[in-house]
Amino acid sequence: EGGGGAIEVEPSGALAELVLSGAALLVDVRQPAEWRLDGHLACSANLAAYTWEHGYYLPDATFAARVAEAWPLDQPIVLLCADGA
């Protein structure tokens with residue numbers, strides 16, 4: 001178990017147990033164009049965790065606040081990205 005109540009689970013286990021049962025929200029953190037053009041899971045929402053500026057991906061310092069604004073925090077949220085980083 002990690003800090004802040006986070007636990008590590010295999011990605012397929014997290015998806016199957018939490019998202020598909022409706023017990024958690026799946027948030028894809030890729031850029032909106034990646035989400036749209038590269039494909040996404042139908043049950044996922046999209047909220048980018050980084051910005052693309054001058055040829056570099058930069059962490060979005062407001063990401064956590066935007067998550068808290070968009071969804072209730074009493075439900076687990078599973079974050080999904082393209083490369084697992």
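Colleague: How many aromatic pairs does the count come to here?

Modeller: Bear in mind that this is a predicted model. Ring centres have to lie within 6.5 Å for a pair. By this rule the count is two aromatic pairs.

Colleague: What kind of pair do the rings of Tyr50 and Tyr57 make?

Modeller: Their centres sit 4.7 Å apart, with the planes at 90°. Planes over 60 degrees apart fall in the edge-to-face class. So the Tyr50 and Tyr57 pair is edge-to-face.

Colleague: And is Tyr50 buried or exposed?

Modeller: Its partner Tyr57 has a relative accessible area of 48%, so Tyr57 is partly exposed. For Tyr50 the relative accessible area is 18%. Buried means under 20%, so Tyr50 is buried.

Colleague: Which residues form the aromatic cluster?

Modeller: We've already met two members, Tyr50 and Tyr57. Trp52 belongs to that one cluster as well. The full set is Tyr50, Trp52 and Tyr57.

Colleague: Let's step back to the fold. What pattern does the protein chain follow along the sequence?

Modeller: There are three helices and five strands to place. Reading along the sequence, the pattern comes out as α-β-α-β-β-β-α-β.

Colleague: In what order do the strands of the open sheet lie?

Modeller: The sheet has three strands, and their pairing is parallel. Strand 2 (44–46) and strand 5 (77–80) are the edge strands, since each pairs on one side only. From one strand to the next the twist averages 35°. The order is 2-1-5.

Colleague: Which residue is the bridge partner of Asp28 in strand 5?

Modeller: Strand 1 (residues 25–28) runs parallel to strand 5, and four bridges join them. For Asp28, the partner in strand 5 is Leu80.

Colleague: Which elements give two or more residues to the largest nonpolar core?

Modeller: That core has eight residues: Leu25, Val27, Val29, Ala45, Leu47, Phe63, Val67 and Trp71. Sorting them by element, the ones that supply two or more are strand 1 and helix 3 (63–70).

Colleague: Take Leu25 from that core. How far is Leu25 from Trp71 in space, C-alpha to C-alpha?

Modeller: Leu25 lies in strand 1, and at 16% relative accessibility it counts as buried. Setting aside neighbours within four places in sequence, Leu25 has contacts that include Trp71, Ile77 and Val78. Leu25 and Trp71 are 46 residues apart in sequence, while the C-alpha to C-alpha distance is 8.7 Å.

Colleague: Which residues is Ala45 in contact with, leaving aside its neighbours within four places in sequence?

Modeller: Ala45 is one of the eight core residues, as are Val27 and Trp71. Both of those turn up among the contacts of Ala45. The whole list is Leu26, Val27, Asp28, Trp35 and Trp71.

Colleague: What about Cys81: which residues does Cys81 touch, not counting residues up to four places away in sequence?

Modeller: Cys81 is in the segment after strand 5, and its relative accessibility of 25% makes it partly exposed. Gln31 is 50 residues away from Cys81 in sequence but 9.5 Å away in space, C-alpha to C-alpha. The residues Cys81 touches are Val29 and Arg30.

Colleague: Last one: what share of the 85 residues in the protein chain is buried?

Modeller: The protein chain exposes about 6,000 Å², and carbon and sulfur atoms supply 59% of that. Residues count as buried under 20% relative accessible area. By that cut-off, the buried share of the 85 residues is 26%.

Technical notes:
Residues numbered from 1 in each chain as written. Predicted model: local features only at pLDDT ≥ 70, side-chain atom pairs only at ≥ 80, totals over all residues. Heavy atoms only, no water. Pairing = 2+ DSSP bridges. Axes fitted to C-alpha atoms, helices over the stretch in contact; angles between N-to-C directions. Phe/Tyr/Trp six-rings, centres within 6.5 Å; stacked < 30°, edge-to-face > 60°. Buried < 20%, exposed > 50% of the residue type's maximum accessible area, 1.4 Å probe, protein only. Core = buried A, V, L, I, M, F, W, Y, C linked by side-chain atoms within 4.5 Å. Contact = heavy atoms within 4.5 Å. Areas by Shrake-Rupley, 256 points an atom, 1.4 Å probe, with all protein chains shown as cover.
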